[in-house]
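Me: I am new to this structure and would like a close look at a single part of it. Could you start with one pocket and then walk me through what else there is to see?

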Amino acid sequence: MRVYQYLCDLYIHSNFALKMKHKFLLFVVLSLIIGTTYAKSNEMKTNSKTLRLIYPQWQGGVVASWMPDIPANDVSRGYFLGAQLLQVLAPESKQQTVEVPISLDMESHKEEKGISGYRAIIKQSKDALDLIRRENPDRIVTLGGECSVSVVPFTYLAEKYPEDVAVVWIDAHPDLNLPGDSYTGYHAMALTACFGMGDKEIVDLFPAKLNPSKSIIVGLRAWNDTNASKERQEEIGVESLSPAHVAQNSTAVLDWLKTTGASKVVIHFDLDALDPAEIIAAVGTDPDGLKIETVVRVINDIAKEYDVVGLTIAEPMPRVAIKIKNMLNQMPLLKE
């Protein structure tokens, strides 16, 4: 816990930390979510194995144009650095930790079949599944990486607990894109991939499919040219709740979960679901998002009533850390 305590002290006492308030709020919320969620879930299943999966995949994002103040390649690979920071700042635990090997070569971002990073995503998905199968966990906490890092662990858990897994997808966006849409980022296809929809070579890799009727998007508030339409969401049959639906309590989510008949839940938390007026931790900055305390409360309320077998923290884009890294790379002595 020394690293975590140091960061908390830095946050309280340092003028520099005060200027970076948004970043440190993120690190505090990770402790609240990851630590408390699995402590409560483990009360339901004491002899289980939890795997911590570090999955810094970045190729599924096409995001460089949204941050023109940072070099494009650094933005594209920003998710890689984001995953490393999440691992450093998440609560220490005795969980077995493994990391998916990820290429940093910009050539691995090449588009094919309407999907950016196509070949890299296939290889890295295979590698991730191999690592998970080798460890054979009962639960998986995934630190990403862009949103597609949930697909492999969630479909593994769907195979492990057939017809008994509900999905709570906390996200500002629907993530229901398909190859052939105008936007080629695989991270916007993550939820459809979980349902077995999309490119055949990719979805055939996954061990099982999740059920759209047992899936809900919480915090959904953004539809635009890069995201699937409301009509597609209705066609697929995925429910959704806006930030307003959970602002006061978690009743709407818990009532919906009862209708699924599932005893187990996987939770995907895209950091862009958070309100940028409180914290900017991801690429997306759509206004009127979820408050930190709301996300923490919703996730922990679910963990009180259900066996949370999967938890993903996705889409960290550490803008300040990237700029500091680039600054340090220009200093004398540091690279000797």
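Reply: Happily! The second largest pocket has a volume of about 290 Å³, in a model that is predicted. Its lining is made up of 20 residues. To find the middle of the pocket, look for Trp66, His173, Thr226, Asp272 and Gly284, the lining residues nearest its centre. Sorted by class, the lining of this pocket contains 7 nonpolar, 7 polar and 6 charged residues.

It helps to know the setting. The protein chain is built with 14 helices and 10 strands. It has 336 residues, and 58% of them count as buried. Among the contacts between residues at least 6 apart in sequence, 77% join residues that are at least 24 apart.

Besides pockets, there are cavities to look at. The whole structure holds 3 cavities of 30 Å³ or more, and the largest cavity encloses about 50 Å³ of space. This cavity is lined by 13 residues, with Tyr186, Met189, Met197, Gly198 and Asp199 closest to the centre. Two helices, α8 (190-194) and α9 (200-203), each give at least two residues to the lining. By class, the lining of the largest cavity has 9 nonpolar residues, 3 polar and 1 charged.

Next, a pair of helices. A pair of packed helices is described by the angle between the two axes and the distance between them. The axes of α12 (residues 251-260) and α13 (residues 292-305) come within 10 Å and cross at roughly 35°, and the crossing of these helices is right-handed. On the α12 side you can pick out Val253, Leu254 and Leu257, which meet Val298, Asp301, Ile302 and Glu305 of α13. The residues of this contact comprise 5 nonpolar and 2 charged, with no polar ones.

The loop that runs between β9 (264-270) and α13 is where you will find Ala281. Is Ala281 buried or exposed? With a relative accessibility of 6%, Ala281 counts as buried, because the cut-off for buried is under 20%. Ala281 also has a partner from elsewhere in the chain: its C-alpha lies 6.7 Å from that of Pro318, although 37 residues separate the two in sequence.

Another loop, between β10 (307-314) and α14 (319-328), holds Glu315. Here the backbone deserves a glance, and a general point comes first. Most residues other than glycine have a negative phi, and most peptide bonds are trans. Glu315 has a positive phi, near 70°. Glu315 is buried as well, with a relative accessible area of 4%.

Lys113 has a positive phi too, of about 55°, and is not a glycine. You can find Lys113 in the loop between β3 (111-112) and β4 (115-116). What is the relative accessible area of Lys113? The value is 47%, so Lys113 is partly exposed.

One last stop concerns a peptide bond. Gly144 and Gly145 are joined by a cis peptide bond, with omega about 25°. Gly145 sits in the loop between β5 (139-144) and α7 (151-160).

To return to where we began, the second largest pocket is a good place to rest your eye: start from Trp66, one of the residues nearest its centre, and trace the lining outward from there.

Definitions and conventions. Residues numbered from 1 in each chain as written. Predicted model: local features only at pLDDT ≥ 70, side-chain atom pairs only at ≥ 80, totals over all residues. Heavy atoms only, no water. 1 Å grid on protein atoms, 1.4 Å probe; cavity = no way out; pocket = protein on both sides within 12 Å on 5 of 7 lines; lining within 4 Å. Points joined across faces, edges and corners; volume = space filled by probe spheres on them. Helix = DSSP H or I, 4+ residues; strand = E, 2+ residues; numbered from the N terminus. Nonpolar A, V, L, I, M, F, W, Y, C, P; charged D, E, K, R; others polar. Axes fitted to C-alpha atoms, helices over the stretch in contact; angles between N-to-C directions. Left-handed = near helix turned anticlockwise from the far one by under 90°. Contact = heavy atoms within 4.5 Å. Buried < 20%, exposed > 50% of the residue type's maximum accessible area, 1.4 Å probe, protein only.
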